[in-house]
Amino acid sequence: MNKPTKAIPKFANLSEERAYWESHDSTDHLDWSKAKKATLPNLKPTTKTISLRLPQHLLDSIKVEANSRDVPYQSLIKVWLQEKLRQ
């Protein structure tokens, strides 16, 4: 896609920039065929707190298993859920 690209204008503030990009296409300014995948190693995935009701005997068994592996039981539950989703 070797079409010449336009220079990105300078903006006085964020509102002006937002208005510009709402009405213009970025392909006029960037050659997306040359884009590279970015890696952001310091980002943490967002988490959401949930409430999960388990029978006491099941929770106790999970805690025993987590203790034998020397990991927090919540972390073990997350690992097991992820493994099950991959199957």
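Begin by selecting D31, which sits in the loop between α1 (14–23) and α2, where helices are DSSP runs of H or I of at least four residues and strands are runs of E of at least two, both numbered from the N terminus. The model on your screen is predicted, so local features need pLDDT of at least 70 and side-chain atom pairs count only at pLDDT 80 or more, while totals for chains, interfaces and linings use all residues. Residues are numbered from 1 along each chain as its sequence is written, and side-chain values use heavy atoms, with hydrogens and water left out.

Stay with D31 for a moment: is this residue buried or exposed? D31 counts as buried, because its relative accessibility is 18% and buried means under 20% relative accessible area, with exposed being over 50% and partly exposed lying in between (1.4 Å probe, protein chains only). Now show the side chain of S33, with which the side chain of D31 makes a polar contact at 2.6 Å; such a contact is a pair of N or O atoms within 3.5 Å, in which, within protein, one must be able to donate a hydrogen and the other to accept it, and residues adjacent in sequence count only if both atoms are side-chain atoms.

Next, select L58, found in helix α2 (residues 56–69). L58 is partly exposed, with a relative accessible area of 36%. If you add S15 to the selection, the C-alpha atoms of L58 and S15 are 54 Å apart in space, with their positions 43 residues apart in sequence.

Zoom out to the whole protein chain, which has three helices and zero strands and reads α-α-α along the sequence. Its radius of gyration is 24 Å, well over the 12 Å that the globule rule gives for 87 residues, so the chain is more spread out than a compact globule; the radius is taken over C-alpha atoms, and the rule is 2.2 Å times the number of residues to the power 0.38. Along the principal axes, the C-alpha atoms fill a box of roughly 65 × 30 × 20 Å, and 9% of the 87 residues count as buried.

Finish with helix α3 (residues 73–86), which gives the most to the lining of the largest pocket, with seven residues. A pocket here is an open set of points on a 1 Å grid over the protein atoms alone where a 1.4 Å probe fits, with protein on both sides within 12 Å along at least five of seven lines, and lining residues have an atom within 4 Å of a point.
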